[in-house]
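Good morning, and thank you for coming. Please look at the sequence and the structure as they appear, and keep both in view while I speak.

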Amino acid sequence: MKKYKAIFFDWDGTAVVNRKAPVEKTVDAMRKLLSSGVYLFVISGTTYSNIGDGNIEKRFTNEQLKFLFFGLARGSHNFGFDNNGRLVTIEDYGIERDTVLKIHDVAYDIHRTLFLDYGYNTDIVFDRPNYVKIDIMTASSRMTNMYLSGNEIDDIKKNLKKHGYNEGLAGLIKLAKETGQKHGLNIKATCDAKYLEVGVLDKSDNVDAFIRHVLVPNGISMKECCFWGDEYLELDSGITGSDSFMYTEMSKDGDFFDVGTVPGIRPEYVEYLGGSVDTFLHFLDDQSKLWCEK
Ligand SMILES: [Mg+2]
């Protein structure tokens, strides 16, 4: 197996089963690699308070924290740590308040279109940084597992059809982009069968920020990097899951792995492994062994 100098990975459904699950096993595997000087980048749609107990840095030494980074909230936050182990921003894209308001307008406009034209009701979560979550499956609650599971994709497509909306998830992404244009915004939209997320950034912005600010200055090439997630799956024609946004013009020479458990089509650049969190933690352990052998 290849020895990687940098590992990018999703959190929910890849590194931990869910937000409430114990993080000890994951943190243990991470510590060993960080001590060997392997860069770890958590790339997640969630915020820092939802990672572990909200102060996961306390579980690592300051020396280990030099190699640990968090790209969170769909491109909005790019965090690293200073020499004293304090959370610092590596890059801030500087999204203005006016832009955030426009994103809110776009979301409400999408809601209006679906409600007026199809009698389809949505719910909107406005309090996210630089993006909005539109709940397109208000009747189903995900409880603690905040990731794609089971028959969700079929359910949402059926539900949309029942209301006379035949464009599927690809149609919703298109609607989001067109609505954005109306408001003068270049919208980046993702869809996971429960939430249509609308903003001006996504995971690609996290990945590119860390390549520019951490990997390039440290002379690490993409061939020495890998990218792990559980949602690369094609949800609708041409629409792939949120982890596929880690594949960018800058990152494309890296190795991509999917541990998701939902069957379906994945992009050709991804190696499908399945097996969920266990597969990923095994990989981390194997990497630690390789690094200890030297
Ligand atoms: Mg996930």
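I shall speak about the domains, then the two sheets, and then one helix and one residue.

Please note that this is a predicted model, in which local features need pLDDT of at least 70 and side-chain atom pairs count only at pLDDT 80 or more, while totals for chains, interfaces and linings use all residues. Residues are numbered from 1 along each chain as its sequence is written.

Let us begin with the domains. The domain assignment divides the chain into domain 1 (6-93 + 202-293) and domain 2 (97-199); such bounds come from an automatic or database domain assignment. Between the C-alpha centres of domain 1 and domain 2 there are 25 Å. Across the boundary, 20 residues of domain 1 are in contact with 22 residues of domain 2, where contact means that two C-beta atoms, placed from the backbone, lie within 7 Å.

Now to the sheets. Strands of a sheet pair through backbone hydrogen bonds, either parallel or antiparallel. The helices (H or I, at least four residues) and strands (E, at least two) that I name are DSSP runs, numbered from the N terminus. Two strands are said to pair if DSSP finds at least two bridges between them.

One open sheet has eight strands in the order 5-4-3-2-1-10-13-14, and its pairing is mixed. Its edges are strand 5 (87-89) and strand 14 (270-272), each with a single partner strand, so one side of each has no neighbour in the sheet. On average, neighbouring strands of this sheet are turned by 25° against each other, direction ignored. For this and later angles, axes are lines fitted to C-alpha atoms, for helices over the stretch in contact, and angles run from 0 to 180 degrees between N-to-C directions.

Within this sheet, strand 1 (residues 6-9) and strand 10 (residues 225-229) run parallel and are joined by four bridges. There, Ile7 has Cys226 of strand 10 as its bridge partner.

Which residues cover the two faces of strand 3? Leu68, Phe70 and Leu72 on one side, and Phe69 and Gly71 on the other, are all buried. A residue counts as buried if 20 or more other C-beta atoms lie within 10 Å of its own, as exposed if 12 or fewer do, and as partly exposed in between, with C-beta atoms placed from the backbone. Strand 3 pairs with strand 2 (residues 39-43) in the parallel sense over four bridges, and Ile43 stands opposite Gly71. With strand 4 (residues 77-81), strand 3 pairs in the antiparallel sense over three bridges, and here Phe70 stands opposite Phe79. Strand 3 and strand 4 form a hairpin with four residues between them, and Ala73 in the turn has a positive phi of about 50°. Helix 6 (residues 203-215) lies across strand 1, strand 2, strand 3 and strand 4, at about 150° to strand 3.

A further open sheet has four strands in the order 6-7-9-8, with antiparallel pairing. Strand 6 (123-125) and strand 8 are its edges; each has a single partner strand, so one side of each is left without a neighbour in the sheet. From one strand to the next, the twist averages 20°. Strand 6 and strand 7 (residues 131-135) run antiparallel and are joined by three bridges, with Asp123 opposite Asp135. Helix 3 packs on this sheet, touching strand 6, strand 7 and strand 9, and its direction makes about 15° with that of strand 7. Helix 5 also packs on the sheet, touching strand 8 and strand 9, with its direction at about 155° to that of strand 8.

Where do the buried residues of helix 5 lie? They are Leu169, Leu172, Ile173, Leu175, Ala176, Thr179 and Gly180. Seen down the helix axis, they fall within an arc of 155°, so they line one face of helix 5; the arc is that of the directions from the helix axis to the C-beta atoms. An α-helix has 3.6 residues a turn, so residues three or four places apart point the same way. On the other side of helix 5, Gln181 and Lys182 are exposed. After helix 5 comes Gly184, whose phi is positive, near 75°.

Finally, consider Leu65, which lies in helix 2 (residues 62-65). Leu65 is buried, with 20 other C-beta atoms within 10 Å. Leu65 and Gly85 are 20 residues apart in sequence, yet 6.3 Å apart in space, C-alpha to C-alpha.
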